[in-house]
Amino acid sequence: MSSSKIKAASNASIAEAARLLADGQLVGVPTETVYGLAADATNPVAVRKIFQAKGRPANNPLIIHVDSPESARRWVHVDHPRWLADQWQRAAAFWPGPLTVVVPRSADVVDEVTAGAPTVAVRVPSHPVMRSLLAACEFPIAAPSANPSNYVSPTCAEHVRQGLGDEVAMILDGGECECGLESTIIRLQRDGVELLRPGGISVEQLQDAFGSVKLAQRAGKDDTVESKVGNNAPERSGPLEAMPAPGMLAKHYSPAKPLRVVAAWQAEEVDPSRVARIVFAPLPDCEAARFGWYRSLSRTGDLNEVAQHLFTAIRQADATECSLIVIDQCDRSGIGRAIMDRIDRASA
Ligand code: TXA
Ligand code: MG
């Protein structure tokens, strides 16, 4: 059925994807971080389809993807004050790449994208297929991760098919994502930036570029809010309010099975033969053999490889007969911060 929707990236399939998007349809697209569920960001009807397809609350805004910092200008207000123009320049130096920037929006952005918030999240992706697609489109692309709401993000075309195959007109196959974790999200501030979600660009890189990085507090499930907005949320009755830093919900990206970091796992509680064990570097064979299922994310413990393969392994572990997923831990520095952030959320 929907497997025929996966098309290897080529000039012809990219042109077809651009046509489908222009026609108001949804397309699964590769980026260097994770796969996105794409729609024409200027078409409110198409954007609403994203929320329906994912089962995503209407007050959780979307990122818009553009092909250059220059083409972002129409959608953002970053010329004044002076500090904002300066911070925007610094952020743009990370593009194309896995950095998303939250800035004041222009009136041209459709309300469905921002969930009515006064800000918009923008990024210039680096994946060559996504870049060709953006070049072929006359509009920016709104795209959240292409997973049903609250499940693990997809890092290959097949993951998109499994989760949303019936919802998309086509899935553009650009291979396995290079980062494997979603983009870093920052909000620009006079004295530096606020980190809303750790990702492919590390806090250390941000510190070098911006001087100061404020680590935002993670919101709880029902936390409130910085802005009132006026669109209709089908799931809610009261007035809709945009989430504070919506990417920061504690529980997110979760597999169906419980997941625990290795330090928190008591072998007495769950027999190793019932455990799906994910490690960052190989265990000795005799030790690995104790587990019901076992996967090593890197031969050498390289954290970039761990990040790249993490979501695939969590999906695979989730599909086993085991009753618990137990996973390694690492220091929260460099890409390790984003890895542990996703593991924390998956185990919340
Ligand atoms: O790597 C990525 O960022 C991927 C690829 C497809 O680009 N996209 C992605 O989108 O992860 P999504 O929707 O799954 O996560 C974006 C996060 C959401 O948690 C959303 O709440 C937050 O960005 N966000 C979007 N607009 C925002 C805004 N104006 N202010 C604060 N947070 C915002
Ligand atoms: Mg997501």
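This note goes through two helices, one sheet and one loop residue of a predicted model.

1. Helix α7, residues 157-164, is mostly covered, with 6 of its 8 residues buried. Those buried residues are Ala 157, His 159, Val 160, Arg 161, Gly 163 and Leu 164, so a reader following the helix should note that the list takes in His 159 and Arg 161 as well as Val 160 and Leu 164, given the cut-off of 20 or more other C-beta atoms within 10 Å. The cover over the buried residues of α7 includes the strands β1 (6-8), β2 (27-29), β3 (36-40) and β8 (170-173), together with the helices α2 (44-54) and α10 (303-318).

2. Helix α10 is likewise described as mostly covered, since 12 of its 16 residues are buried by the cut-off of 20 or more other C-beta atoms within 10 Å. In α10 the buried positions are Leu 303, Val 306, every residue from Ala 307 through Ala 313 in the listed run of Ala 307, Gln 308, His 309, Leu 310, Phe 311, Thr 312 and Ala 313, and then Ile 314, Arg 315 and Ala 317. These buried residues pack against α7, against the strands β15 (275-279), β16 (293-296) and β17 (324-327), and against helix α11 (335-347).

3. On the geometry of α10, the 16 residues should span 22 Å at 1.5 Å a residue, and because the end C-alpha atoms are 22 Å apart, the two values agree. The helix nevertheless has a bend of about 45 degrees, placed at His 309, a residue that is itself buried.

4. Four strands make up an open sheet, in which the order is β14-β17-β15-β16 and the pairing is parallel. The edges are formed by β14 (259-261) and β16, each of which pairs on one side only, and the twist from one strand to the next averages 20 degrees. Between β14 and β17, which run parallel, there are 3 bridges, and Leu 259 stands opposite Ile 325 of β17. Helix α11 lies across β14 and β17, running at about 130 degrees to β14.

5. Leu 26 sits in the loop between α1 (11-22) and β2, and it counts as buried because 26 C-beta neighbours lie inside 10 Å. Neighbours within four places in sequence aside, Leu 26 is in contact with Leu 37, Ala 38, Ala 39, Lys 49, Ile 50, Ala 53, Glu 167, Val 168 and Ala 169. The C-alpha atom of Leu 26 is separated by 34 Å from that of Gln 189, which is 163 residues away along the chain.

Notes:
Residues are numbered from 1 along each chain as its sequence is written. Chains are lettered from A and ligands numbered from 1 in the order in which they are written. This is a predicted model: local features need pLDDT of at least 70, side-chain atom pairs count only at pLDDT 80 or more; totals for chains, interfaces and linings use all residues. Helices (H or I, at least four residues) and strands (E, at least two) are DSSP runs, numbered from the N terminus. Two residues are in contact if their C-beta atoms, placed from the backbone, lie within 7 Å. The expected span of a helix is 1.5 Å times one less than its number of residues. The bend at a residue is the angle between axes fitted to the seven residues ending there and the seven starting there. Two strands pair if DSSP finds at least two bridges between them. Axes are lines fitted to C-alpha atoms, for helices over the stretch in contact, and angles run from 0 to 180 degrees between N-to-C directions.
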